[in-house]
Amino acid sequence: MSGVGKSWGRRERALLWGVLLAAWDAAWGQLRYSVPEELPKGSFVGDVATDLGLELPALSDRGVRLLDRGRTKYFALHGKTGHLVTTERIDREQLCRLVEKCVLRCEVLVEGDMQVYKIEVEITDINDNTPSFRDIETELRMSESTVPGARFPLAGAHDQDSGPNSLQRYELSGDDHFSLAVQAGSGGNQRPELVLEKALDREEAAFHELVLRASDGGEPARTGTARIRVTVLDANDNAPVFSQAEYTVRVSEDVPVGSVLVTVTAADADEGLNGHMKYIFHKISDRESELFQLDSETGAISLKESLDFEEISLHELEIQAHDGGGLSDTANVGITVTDVNDNAPELTMSSSLSEISEDAPLGTVVALLHVQDRDSGENGQVKCSIGENLPLRLEKNFEDYYRVVTAGELDREKVSEYNLTVRAVDGGSPALESSAVLALRVLDVNDNAPVFAEERYSARLAENNAAGALVLTVRATDADWGQNARVRYRLSEGRVRGAPLSSYVSVQAETGALYALRSFDYEEVREVRLWVWAEDGGSPSLSSNVSVRLEIVDENDNAPQVLYPPPAAPSAAGSGWAGVELAPRSAEPGALVAKVVAVDADAGQNAWLSYELAKATEPGLFRVGLHSGEVRTARFPLARDASRQSLVVVVKDHGRPALSATATLTVVLAESVAELLSELGSAAAAPGEPAGSLTRWLVLAVAAVSCLFFTFLLLLLALRLRRWRRSQLLAASGSAALRGIPASHFVGIDGVRAFLHSYSHEVSLTADSRKSHLRLSSGSCCDTLPARPPPDEPAPLLGEDSVASRRSDATDPKVHTWFSFKS
């Protein structure tokens, strides 16, 4: 039981080591399988998906495939099952005729991960080849004087199988004069020799027929035969002898065809026919028989075809020299082929990306490359490189695979496409190189906001513009590409004079053109400040803004407006403006008579006003200040000057074209108001004066109002006197009872006089107007009667009439009365 337990423990450990080894190989990206040769097409080799831990649905999504480097494809990967299967019958002897262990290699690429897994499939041998002899019939010549025990080399058989299925043993039959001896060669191969057991007698038997059998170790075994005919000759005392038992030579693989590689020589002490020798290949493979040629007379071995170190690096030949008497000798020739740097590195792009996003993280795999050089030694050492100053680097993945990965940030706005050249250089002298070009386009990411061409925009727009007029065009550019670079414009929200900004201006979303939606008036809006936003089409979108200042330029569209003299009524005779001013006849030159006051709603020079006297009754009597509008006397008034002077003053602005307004002044040369009124009255009575009747009615109205006013004053005085009299009577009857009444409640004649003095009359007449005004005003007066006493005072000792009179007198002492008469 203990022995069984130990045996089971060893099996478990062996299984565990096998599992660990398989896991180690899978971790390092290498799988190993073994299949026999000559399997039919579609035969199962291995479950790649399971061994690599790949789920079946992910095979198509992750792009799992076998790499094709231009060689014959013996295997295929089944897309649905993940199984590795054969694509054709595999003949081990054809693929690996000179290799003991036949291994086919392929690579599986998982494009989603940019990962390569190496697969090795060992092709095991089956016994499908029979041992065969180069010559199925061989003739040997022996002298009858040959001593028993002499050995004669025989041409061996060849079996293309390997291992147990290869050639295992020889057998000889047919005659008891000979036996078979088998010698082990340097490479482990068997070399048959014919051994003479009994002395030969030509007179007894001139020929001996033998059969040599070669058998392999297969189940069942296969056998090949060769017939040997031994001819007995008269005595030949000396056999040929080579100068060397083994010849070795080293030749370069680029040696020209026809060159003599080595010459073998043998000597024979006999003379005549027995001393004449010929050389033949005693043992040679099919491929070597195609490469080499032997001169039978000289023993020179020459080259028939070009050598290839990568195909066969060592050739072993066996040369036999035999004389005319049938004696022979053999020698081995070893030809070692040295490598020449005649193969450039083979650079294959196993997998690559054609596009990459500019925000790809560092270390993103861009391409997977395979490089190999069929040369050996330094000639097969390959170094790969890419250009400098690139955001990409080359790193070795495993064995002969390299990866191109991102080593820096990509910026499509700086470099939108890379044509990357990968160079592979071997270590030969001179060095050979090859290259592969990777075209990589950088995809855009919305990482740039629109940028306006200017930091701020400003424009000038003349007022009274047409609605829809183009104001200016803002322009923004986006360094991104495609939809991310498509810029649209919009206005920020705002208000102008309480109205939405969008009712004043608009921006075209595609072009950035700014249009005025209404006609601007400089007198209302002098400046509009707004913000224009530029937004790209990315997701999420990026935006920027810029300030726009729209300055409204004034145009001379407003004529001067005269504030003084006041405007005349539309129905008044004449046009323009009218007013009446008084100028004493004793006025000195430069005396101020009147001032024309005008304003202009425009701005700048369009609002600069100038005054000039356009028309006057006496041209030299008055002058007008050019910029002040003041009307002054230019000389002393003369007696011959008319009392009523009419002046027309023109007010002009400085616009182009200039606009103007007129003001008409009537200046009366008089020393007093009475004289002024008399002049106005006489002017009213004069025929042809349309305002004469109006002035007459105005004078009558003033007189009537004055009479009414004086009547009111007399009535008020009578009431005051009555109150005063009653207070005297009360004081006489009971002065003691009136001691508590304030003295301010009793007013004498002096108070009435002060009240009368507080009123004044003010008359303003306009001769040329259809309106006349009479103003009766009192500047100030004292309180002649007090208001109702405060609640805390004792009630007045007056009757009901007294109370009523007090209430009627509690009126505002300040009176402003305007009378307006219209014709």
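Three exercises with worked solutions follow, concerning a predicted model.

**Exercise 1.** Determine how the strands of the open sheet S10-S14-S13 are paired and which of them are edge strands.

*Solution.* The sheet has 3 strands in the order S10-S14-S13, and their pairing is antiparallel. Strand S10 (151-153) and strand S13 (178-184) each pair on one side only, which makes them the edge strands. From one strand to the next, the twist averages 35 degrees. Between S13 and strand S14 (residues 190-196) there are 7 bridges. Within S14, Glu 193 is the bridge partner of Ala 181.

**Exercise 2.** Classify the ring pair formed by Phe 242 and Tyr 279, and state whether these residues are buried or exposed.

*Solution.* A search of the whole structure gives 6 aromatic pairs. For Phe 242 and Tyr 279, the ring centres are 6.1 Å apart and the planes stand at 50 degrees, so the pair is tilted. Phe 242 belongs to strand S17 (residues 241-242) and Tyr 279 to strand S21 (residues 277-283), so that the pair links parts of the chain 37 residues apart. Both residues are buried.

**Exercise 3.** Describe the surroundings of Tyr 504, starting from its aromatic pair with Phe 520.

*Solution.* The two rings lie 5.7 Å centre to centre with 35 degrees between the planes, a tilted arrangement. Tyr 504 is in the loop between strands S40 and S41, whereas Phe 520 is in the loop between strands S42 and S43. Tyr 504 has 6% relative accessibility and therefore counts as buried; Phe 520, at 2%, is also buried. Finally, the charged end of Arg 518 sits over the ring of Tyr 504, 4.0 Å from the ring centre.

Methods: Residues are numbered from 1 along each chain as its sequence is written. This is a predicted model: local features need pLDDT of at least 70, side-chain atom pairs count only at pLDDT 80 or more; totals for chains, interfaces and linings use all residues. Side-chain values use heavy atoms; hydrogens and water are left out. Two strands pair if DSSP finds at least two bridges between them. Helices (H or I, at least four residues) and strands (E, at least two) are DSSP runs, numbered from the N terminus. Axes are lines fitted to C-alpha atoms, for helices over the stretch in contact, and angles run from 0 to 180 degrees between N-to-C directions. Rings of Phe, Tyr and Trp (its six-membered ring) pair if their centres lie within 6.5 Å; planes under 30 degrees apart count as stacked, over 60 as edge-to-face and the rest as tilted. Buried means under 20% relative accessible area, exposed over 50%, partly exposed in between (1.4 Å probe, protein chains only). A charge sits over a ring if NZ of Lys or CZ of Arg is within 6 Å of the ring centre and within 35 degrees of the ring normal.
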